[in-house]
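I opened this entry to look up how the strands are arranged and which charged side chains pair up. My notes follow in the sequence in which I went through the structure.

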Amino acid sequence: MELELMCNHFILQAEMLLGCNHLEDVDAAKKAVTQFYQKYSLPKCVLITLGSQGLVYAASAASPILHVPAETVTTVDTTGAGDAFVGALGFYFACFKSLTLEEKVRRAAKIASFSVTRKGTQSSYFSKEELPRELFV
């Protein structure tokens, strides 16, 4: 399965492409996913991250649009959280092929939530040993 990612850095482009002002909440992001499929006929997954509100995604135009809430954490610095999410999602696609898309997305979102609890970008990323073991089984 190929995957088209539309994450934090792409939201501005999504807003420009769709002519909307803000994708700041779950309902607006769900509408944006629908608009992408209508306007661009994307046959692949569309995913929009929403920071502390989590993310929304659809596996295809015919799939339901799902919301994955963010973990509740004490936020120190959000710099790099989108990169942590994308990197973790790529890791799950490469190393955990048998997981469902929903589980890959859920686990990647959890890893991104850990990254906002520390200051910095790369320095905020947890090592595998620091993360919950259930993320790797």
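**Entry on the sheet.** I began with the strands of this predicted model, and I found three of them forming an open sheet in the order β1-β2-β3, with antiparallel pairing. I noted that β1 (46-49) and β3 (66-68) stand at the edges, and since each has a single partner strand, one side of each is left without a neighbour in the sheet. I then looked up the twist, and neighbouring strands of this sheet are turned by 20° against each other on average, with direction ignored.

Next I looked at the pairing of strand β2 (residues 55-58) with β3, which is antiparallel and runs over three bridges. For Leu 55 I wrote down Val 68 as the bridge partner in β3. I also checked what lies against the sheet, and I found that α4 packs on it and touches β1, β2 and β3, while the direction of α4 makes about 160° with that of β2.

**Entry on the salt bridges.** Side chains of opposite charge can pair when their charged atoms come close. How many salt bridges does the structure hold? I counted three, and I took them one by one.

In helix α4 (residues 101-115), I looked up Glu 103 and Arg 106, which lie three residues apart, about one turn of the helix, and whose side chains meet in a salt bridge at 2.5 Å, N to O. Glu 103 also forms a salt bridge with Arg 107, where the closest N and O atoms are 2.7 Å apart; these two residues both lie in α4 as well, four residues apart, which is again about one turn of the helix.

Are the two arginine partners of Glu 103 buried or exposed? I noted that Arg 107 counts as buried because its relative accessible area is 6%, under the 20% cut-off, whereas Arg 106, at 35% relative accessibility, counts as partly exposed.

The remaining pair I looked up is Glu 130 and Arg 118, whose side chains meet in a salt bridge at 2.5 Å, N to O. This pair links distant parts of the chain, with Glu 130 and Arg 118 each in the segment after α4 and twelve residues apart. I recorded both residues as partly exposed, Glu 130 with a relative accessible area of 40% and Arg 118 with one of 24%.

Finally, I traced shared partners, and I found that salt bridges join Glu 103, Arg 106 and Arg 107 into one network.

Note on methods
Residues numbered from 1 in each chain as written. Predicted model: local features only at pLDDT ≥ 70, side-chain atom pairs only at ≥ 80, totals over all residues. Heavy atoms only, no water. Salt bridge = Lys/Arg side-chain N within 4 Å of Asp/Glu carboxyl O. Buried < 20%, exposed > 50% of the residue type's maximum accessible area, 1.4 Å probe, protein only. Pairing = 2+ DSSP bridges. Axes fitted to C-alpha atoms, helices over the stretch in contact; angles between N-to-C directions. Contact = heavy atoms within 4.5 Å.
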